[in-house]
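Biologist: I've got a fold in front of me and a few questions about how its pieces fit together. Can you walk me through it?

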Amino acid sequence: MRVAIHQPQYLPWLGYLAKWAAADLFVFLDTVQYEKNGWQNRNRIKTADGPRWLTIPVRARFGTRIADVVVDGEQPWPSRHLHVLETAYGGAPYWPRWAAALTSLYCDAADRLVPVAVASAELLARAMGVATPVRLASALAVDEPDPTDRLIALCRAVSADTYLAGGHGAKYMDAKRFADAGIRVLYQSYAHPVYAQQYGDFVPFLSGLDLLLMHGDASLAILRRGDAWSEEP
């Protein structure tokens with residue numbers, strides 16, 4: 001049982017989706033502190049004027065758990081994001097196929113960040129053919145303050161024997177404690193694939209939506225091209 005554990009991200013990038021695709025279970029880590037100016041409530045798309053941020057406005061004090069972050073409902077961000085996406089990708093090959101699903105995503109946007117971010121990530125994953133099931137960390141009754149202890153406890157809670165870590169995972173976790181717990185750790189090494197985009201030269205590290213709307217059913221094979229795993233960080 002291979003588990004990947006990661007904070008929820010809004011319209012996540014390809015490496016995030018590749019980790020999800022490589023796992024048997026994906027856990028959204030919504031029990032840790034919200035990171036301002038991180039990826040949890042924003043991501044980039046490509047427009048005719050270059051890369052552009054799409055940011056969900058939120059209300060969160062320092063130390064707020066991701067699960068408790070509230071979306072600023074006084075701002076009409078759903079209609080703005082949808083308009084920007086339609087302007088940027090209305091001419092993309094697969095916009096007609098996914099326009100209705102994206103419209104529904106924004107029309108049904110919740111008043112908390114986690115449901116919105118998870119819904120956006122699941123839309124991308126399922127559209128690309130990633131069938132890996134998901135869980136919320138907040139539903140697993142794990143409340144360990146130490147980062148390594150938290151991850152080990154989450155692995156045990158879902159009966160995982162292998163933890164899929166990000167490429168920088170070694171910086172914040174103690175690999176020996178995973179070994180002592182009988183949990184194998186594999187580290188992701190992601191080489192961003194190059195694919196056909198609109199608007200000139202290739203731009204990496206965008207939302208996976210860029211790949212989906214340009215390449216449709218071929219997206220999963222493309223994003224997996226850059227994925228590799230090893231026991232050494």
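Biologist: In which sense do β1 and strand β8 pair?

Modeller: Keep in mind this is a predicted model. β1 covers residues 2–6, and β8 covers residues 162–165. There are three bridges between them, and the sense of the pairing is parallel.

Biologist: And what is the bridge partner of Ala4 in β8?

Modeller: Ala4 belongs to the stretch 2–6, which is β1. Look across to β8, and the residue bridged to Ala4 is Leu164.

Biologist: Which hand does the crossover from β1 to β2 have?

Modeller: β1 also pairs with strand β2 (residues 25–28), in the parallel sense over four bridges. One of the bridged pairs is Val3 with Leu25 in β2. Between the two strands the chain runs through helix α1 (residues 14–22), and this β-α-β crossover is right-handed.

Biologist: How many of the five residues of β1 are buried?

Modeller: β1 has β8 as a pairing partner, and β2 as well. The strand is mostly covered, with the buried count at four.

Biologist: Now the helices: are α2 and α3 roughly parallel or roughly antiparallel?

Modeller: The axes of α2 (residues 77–89) and α3 (residues 95–107) come within 10 Å and cross at roughly 170°. Anything over 145 degrees counts as roughly antiparallel, so α2 and α3 are roughly antiparallel.

Biologist: How many residues of the contact of α2 with α3 are nonpolar?

Modeller: On the α2 side the contact includes Trp77, Pro78 and Leu85, and on the α3 side Trp95 and Tyr106 are among them. Two of the contact residues are polar and one is charged, while the nonpolar ones number eight.

Methods: Residues numbered from 1 in each chain as written. Predicted model: local features only at pLDDT ≥ 70, side-chain atom pairs only at ≥ 80, totals over all residues. Heavy atoms only, no water. Buried < 20%, exposed > 50% of the residue type's maximum accessible area, 1.4 Å probe, protein only. Pairing = 2+ DSSP bridges. Right-handed = clockwise from strand over helix to strand, strands pointing away. Axes fitted to C-alpha atoms, helices over the stretch in contact; angles between N-to-C directions. Parallel < 35°, antiparallel > 145°, perpendicular 65-115°, else oblique. Contact = heavy atoms within 4.5 Å. Nonpolar A, V, L, I, M, F, W, Y, C, P; charged D, E, K, R; others polar.
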